[in-house]
Amino acid sequence: MISDPPNSPKSVLLIIGGGIAAYKTLELIRQLTKRGIRTRAILTKAAEEFVTPLSVASLTGDKVYTDLFSLTDEAEMGHIQLSRSTGLLVVAPATADLMAKMAGGHANDLATTTLLATDKPVMIAPAMNVRMWQHPATQRNLKQLQADGVTVIGPDEGDMACGEYGPGRLAEPEVIAARIADFFDKSVGNGPLAGRKILVTAGPTHEPIDPVRYIANHSSGKQGFAIAASLAKRGAEVTLVSGPSRLGTPAGVKRIDVMTAAEMLAATEGLLPLDAAIFAAAVADWRVATEATQKIKKREGELPTLSLAENPDILAAISRRAEHRPPLVIGFAAETEQIIENGRAKLAKKGCDWIVANDVSPSSGTFGGDENRVFLLKGEDVEGWPKQGKDAVAESLADRIIDYFEGASS
Ligand code: C5P
């Protein structure tokens, strides 16, 4: 049998990959122990060329797992038990090969089987030669892993063991340990929003015109994704309903991908009842009344006419529900002028509780940028926040949401 999981609720399953940086994981284990985090380790076959199971075991104080078939209770699916025995899986160094296997869903050794079978969050700290890191295949795998909800730490830029210079060095053990500690401090189920079910919509919607064309907008999804991340860090059970976006799913967040406004509304309604709903998506106001089933042909001297139909207003629909209206409904107002006045009008029109009004005039750089200047409108109250990063806006909003729930329950 697998020995009892480490007693501490803060425990990590560290999967050590076969790269020159593998020796640094010994320091990582020390750093984790210092922070009160227990480590259980798996070594890939290649990792054993760089560190010995004995040196790892002496630092973890636990058996080291090295091979799928060495688990004495394999008949009882020991690797599945192992994959769920800790709160977090960390792959360091994540080699190009391990990343490719993870992205492709391979399961041909203990490390990859465990990674595929786990129901726990996964972090990776990549380390490899700079050209291997920059290769389109690795970058493709990286995007896939981020879309699958894997958190990526590093790599750092600097001199490499192979004599080249660039990104590809394993992040410093101290930095990896700090990120892991941060995860446990703020992970789901812990924190002031524990037990709160919260929805965040984000990104644009794409409304098809024909099989190859669509109506869209410039929304990147950054603000909504940042809000989802902040709420999850504070312990909320967050579902992110996202239109097409290239961003990775924040740690601890459940993601539902949608394309159109109609799909976004259906996904949202499917999640009710909720404690709070935040509508940060830039939903297209219109769709074409009838989507062409074949690509519309370009004809000399002729312009096609598109008739539009109005999309459902998701924020208004949820705010005005008689049944299962979330106690706190927050909308966004993207304005190019008279931000507070227009925001107030939107608050009344949509029937939501708060509006986050932001400046999206072309000079503001908000769309696709990293910064946002917002006003939080709560009924008659207005709070003007300084221009700050979208992450900072998300943190402030999450703090206001905590205040709301603390006020509501006192
Ligand atoms: O009407 P307007 O697009 O300016 O309103 C912005 C707010 O309404 C945002 O919170 C946005 O997510 C939400 N909205 C929506 N469904 C729509 C249009 C906007 O949920 N069809």
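Domain bounds in this tour come from an automatic or database domain assignment. The model itself is predicted.

**The two domains**

Begin by colouring residues 11-185 as domain 1 and residues 197-409 as domain 2. The C-alpha centres of domain 1 and domain 2 are 35 Å apart. Five residues from domain 1 and four residues from domain 2 make up the contact.

Next, display the interface. About 430 Å² is buried between domain 1 and domain 2, and carbon and sulfur atoms give 52% of that area. On the side of domain 1 that touches domain 2, the largest share, three residues, comes from helix 7, residues 136-147. That side of domain 1 divides into one nonpolar, three polar and one charged residue. Two residue pairs are in polar contact between domain 1 and domain 2, both at pLDDT 80 or more. Zero salt bridges are found across this interface.

**Helix 7 and helix 4**

Remain on helix 7 and select Thr-138, which has its place there. Thr-138 counts as buried because its relative accessible area is 7%, under the 20% limit. Beyond residues up to four places away in sequence, Thr-138 touches Ala-96, Met-99, Met-128, Met-132 and Trp-133.

Two of these names lead to the next selection, helix 4, residues 96-104: its buried residues are Ala-96, Leu-98, Met-99, Lys-101 and Met-102. What covers them? The cover includes strand 4 (88-94), helix 5 (110-117), strand 5 (122-126), helix 6 (130-134) and helix 7. After helix 4 comes Gly-105, with a positive phi near 75°.

Leu-98 of helix 4 also points the way to Thr-44. Select Thr-44 in the loop between strand 2 (38-43) and helix 2 (53-60). Its relative accessibility is 9%, so Thr-44 is buried. Apart from neighbours within four places in sequence, Thr-44 is in contact with Ile-16, Gly-17, Gly-18, Leu-98 and Ala-111.

**Strand 4**

Strand 4, already met as part of the cover of helix 4, deserves a separate selection. Leu-89 lies in this strand. With a relative accessible area of 0%, Leu-89 is buried. Among the residues that Leu-89 touches, leaving out those up to four places away in sequence, are Leu-13, Ile-15, Thr-114, Leu-115, Val-122 and Met-123. For a distance across the model, pick Leu-89 and Leu-247: they are 158 residues apart in sequence, and their C-alpha atoms are 21 Å apart in space.

Further along, select Pro-93, which also has its place in strand 4. The peptide bond from Ala-92 to Pro-93 is cis, with omega near -15°.

**Backbone features elsewhere**

Another cis peptide bond runs from Gly-154 to Pro-155, with omega near 5°. Pro-155 is found in the loop between strand 6 (151-152) and strand 7 (156-159).

Now move to His-324, in the loop between helix 11 (314-319) and strand 17 (328-335). His-324 is not a glycine, yet its phi is positive, about 60°. The residue is partly exposed, at a relative accessible area of 40%.

Follow strand 17 to the loop between that strand and helix 12 (339-350), where Gln-338 is found. Gln-338, a residue other than glycine, has a positive phi near 40°. Is Gln-338 buried or exposed? Gln-338 counts as exposed because its relative accessibility is 53%, over the 50% limit.

**Salt bridges**

Side chains of opposite charge can pair when their charged atoms come close. The whole structure holds 15 salt bridges.

- Select Arg-169 and Glu-172, whose closest N and O atoms are 3.7 Å apart in a salt bridge. Arg-169 is partly exposed at 27%, and Glu-172 is partly exposed at 35%.
- Select Arg-255 and Asp-257, which form a salt bridge with the closest N and O atoms 2.9 Å apart. Asp-257 counts as exposed, at 53% relative accessibility.
- Select Lys-378 and Glu-383, whose side chains meet in a salt bridge at 3.8 Å, N to O. Lys-378 is partly exposed at 24%, and Glu-383 is partly exposed at 24%.

Finish with Lys-233, Arg-234, Glu-395 and Asp-399, which are joined into one network by salt bridges that share partners.

Technical notes. Residues numbered from 1 in each chain as written. Predicted model: local features only at pLDDT ≥ 70, side-chain atom pairs only at ≥ 80, totals over all residues. Heavy atoms only, no water. Contact = heavy atoms within 4.5 Å. Buried area = accessible area lost by both parts, 1.4 Å probe. Salt bridge = Lys/Arg side-chain N within 4 Å of Asp/Glu carboxyl O. Polar contact = N/O pair within 3.5 Å; in protein donor to acceptor, adjacent residues only side chain to side chain. Helix = DSSP H or I, 4+ residues; strand = E, 2+ residues; numbered from the N terminus. Nonpolar A, V, L, I, M, F, W, Y, C, P; charged D, E, K, R; others polar. Buried < 20%, exposed > 50% of the residue type's maximum accessible area, 1.4 Å probe, protein only.
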